[in-house]
Amino acid sequence: MKKLELHWQILIGMLLGILFGFGMTQIDWGASFVSDWIKPIGTIFIKLLKLIAIPLILASLIKGISDLKDISKFKNIGLRTIVIYIFTTIIAITIGLVLVNIANPGDGVSEETINKLTSTYANDSGVISKINEATKQKDAGPLQFLEDMVPDNAMKAMGSNSLMLQVIFFAIFLGISMLLIGEEKSKPLKDFFDSLNEVVLKMVDIIMLSAPYAVFALLASVVVSSSDPDLLLALLKYVGVVVLGLFLMVVFYCIVVGVYVKKNPFWFLKEISPAQLLAFSTSSSAATLPVTMERVEEHIGVDKEVSSFVLPVGATINMDGTSLYQGVAAVFIAQALSFDLSLADQLTIVLTALLASIGSAAVPGAGMVMLVIVLESVGFPADKFAVGLALIFAVDRPLDMCRTVINVTGDATVSMVVAKSVGKLGKPDVKEWDDHLDEVK
C-alpha cells in the first residue's frame with residue numbers, strides 16, 4: 001500500500017484536531033483536558049523545530065557562502081533578495097488597502113459590538129503588552145535596526161531565536177572570512193559545518209514524522225481557547241477582507257512562479273504545502289523555518305547558496321501576509337471608530353508597514369505590535385489604541401495563522417525567483433529520514 005504523502009497526513013491531522021476541539025468544547029472538562037493532555041504534544045513539536053532553527057541557519061548559511069567561488073555572487077544574491085522582498089511587501093500592502101477601501105468592513109460594525117469588544121478586550125493583558133512593546137520600538141532611534149543586527153556576544157545571539165538577525169550577521173561574517181583565508185585553511189571548519197548541516201536536516205526529517213499528531217494537538221488547543229462566537233460573527237466582513245487579500249497574494253505568487261520561474265504553480269504549492277500547513281498551525285515563521293528550508297532545497301531544487309540566505313532573512317524581514325493585514329486592520333479600525341484617513345495617510349500606512357515589517361519578530365502576535373506603530377504614524381489618538389486593538393483582538397489568532405502561511409509562501413517564492421535569476425535552480429533531490437537506516441541496524 002502506498003504511503004500517504006506528508007501534506008495529506010498533516011491536513012488530516014488538522015481537520016481531526018478542529019473536530020476534536022469542537023467536540024471538547026461541548027464537555028465541561030473538555031478545555032482543561034485538551035490544555036493538560038493534548039496541547040503539550042504540539043508545544044513539544046514547536047520547541048523541537050525552534051531547537052534546530054539556529055543550528056540550521058548557522059550551518060546552512062556558512063556552508064552556502066563558503067561554497068561560493070566568487071564572493072561577488074553573494075552580493076548579487078543579497079541585493080536581489082532585499083529588493084524583491086521590498087517589492088512583494090509593497091504589493092501586499094497595496095492589495096490590502098484597495099480591498100478594505102472597496103469593502104468598508106468597519107462601517108458595518110455596530111456601536112453595541114464596539115462596546116462589547118471594548119469591555120471584553122480593552123484591558124486584556126495581551127492588548128496592553130502589545131501597546132507597551134510598540135511604544136518601545138517607536139522610541140528607538142532611526143538606525144536602531146542596524147544596531148540590533150550586530151551582536152556583541154555570538155554565543156548569546158545563538159541562545160535566543162528572537163535574535164535571528166544577529167545569528168545571520170555572524171554567519172555571513174564568518175562565511176565571508178572563511179572565503180578570504182583560502183580553501184586550504186578553511187577546509188576543516190567548512191567540513192564541520194557541511195556535516196552539521198546534513199545532521200540538522202536529518203533532524204528535520206525525524207521531527208516531521210510527528211507533524212500530523214502535533215498539528216492535531218495545536219489546532220485542538222486553538223479551538224477550545226477560541227473567543228465568543230457572536231463576536232467572531234460580527235467581525236466576519238473584516239476577516240473576509242483579510243482572507244481575500246491573503247488569497248490574492250497566493251495568486252500573485254503563483255503567477256510569478258509560472259511566468260518568471262517557469263514552474264507549474266500547483267506543483268510549487270504541493271511541494272511547499274507541509275511548510276504552509278505548519279505555518280498555519282504554529283503561527284510562527286521562525287518555528288516553520290527548518291521545514292521551509294528542507295522543502296525548498298530538497299523538494300523544489302533551490303541551491304543551498306541561495307536558500308541559506310534568502311529564507312532565514314525572509315523569516316525575519318519579509319512579512320507579506322502581516323503587512324497586508326496591517327493595511328486592512330488600520331483602515332478597518334479607523335472606519336469603525338470614525339477616524340478619517342486621507343490618501344496621504346494611506347500612503348503613510350504603506351511606508352510605515354513596510355519599515356515595521358523589517359524589524360518585526362517572526363513569532364505569533366508580532367503583527368499586533370506592528371499595527372500600533374502603523375496607527376500612530378497616521379495620528380490615531382493614543383487614548384483609543386486599546387479600543388482599536390480590542391476591535392480585532394478576538395480574531396487575531398486565526399488571522400495570524402493565515403497570514404503566517406502567506407509569509408512562508410512568499411519566502412519560498414522569492415527564494416525560487418532569486419535562484420532562477422542567478423542560475424541556481426536545479427532539480428529536486430529528496431532525502432528521507434531512513435535513507436541510511438540499514439547502515440546502522
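Arginine 403 sits over the face of tyrosine 325, with 3.8 Å separating it from the ring centre. This arrangement is read from a predicted model, in which the chain averages a pLDDT of 88 and 94% of the residues score at least 70. Confidence varies along the chain: among its elements, helix H11 (residues 229–234) has the lowest mean pLDDT, at 67, while helix H12 has the highest, at 96. Helix H12 is a helpful place to begin with the aromatic contacts, since two of the pairs described below involve it.

Ring-to-ring contacts come next. A pair of aromatic rings is described by the distance of the centres and the angle of the planes. The count comes to 10 aromatic pairs. One of these joins phenylalanine 87 and phenylalanine 252, whose ring centres are 6.4 Å apart. The planes of these two rings meet at 55°, so the pair is tilted, given that stacked pairs need planes under 30 degrees apart and edge-to-face pairs over 60. The contact bridges distant parts of the chain, as phenylalanine 87 belongs to helix H3 (residues 71–103) and phenylalanine 252 to helix H12 (residues 236–259), 165 residues apart.

The two partners differ in their surroundings. Phenylalanine 87 has a relative accessible area of 48% and is therefore partly exposed, whereas phenylalanine 252, at 19%, is buried. The cut-off for buried is under 20%, so the value of 19% places phenylalanine 252 in that class. The contact also belongs to a cluster, in which ring pairs link Phe87, Phe252 and Tyr253.

A second aromatic pair brings together tyrosine 238 and phenylalanine 332. Here the centres are 4.4 Å apart and the planes make an angle of 20°, which makes the pair stacked. Tyrosine 238 lies in helix H12 and phenylalanine 332 in helix H16 (residues 320–336), so this contact ties together parts of the chain that are 94 residues apart in sequence. Both ends of the pair are shielded: tyrosine 238 is buried, at 1% relative accessibility, and phenylalanine 332 is likewise buried, at 1%.

Elsewhere in the model, glutamate 133 is found in helix H5 (residues 125–138). With a relative accessible area of 33%, glutamate 133 is partly exposed, because that class covers values between the 20% and 50% limits. Its C-alpha atom is separated by 26 Å from the C-alpha atom of leucine 311, a residue 178 positions away along the chain.

Technical notes. Residues numbered from 1 in each chain as written. Predicted model: local features only at pLDDT ≥ 70, side-chain atom pairs only at ≥ 80, totals over all residues. Heavy atoms only, no water. Phe/Tyr/Trp six-rings, centres within 6.5 Å; stacked < 30°, edge-to-face > 60°. Helix = DSSP H or I, 4+ residues; strand = E, 2+ residues; numbered from the N terminus. Buried < 20%, exposed > 50% of the residue type's maximum accessible area, 1.4 Å probe, protein only. Lys NZ or Arg CZ within 6 Å of the ring centre and 35° of its normal. pLDDT = per-residue confidence, 0-100.
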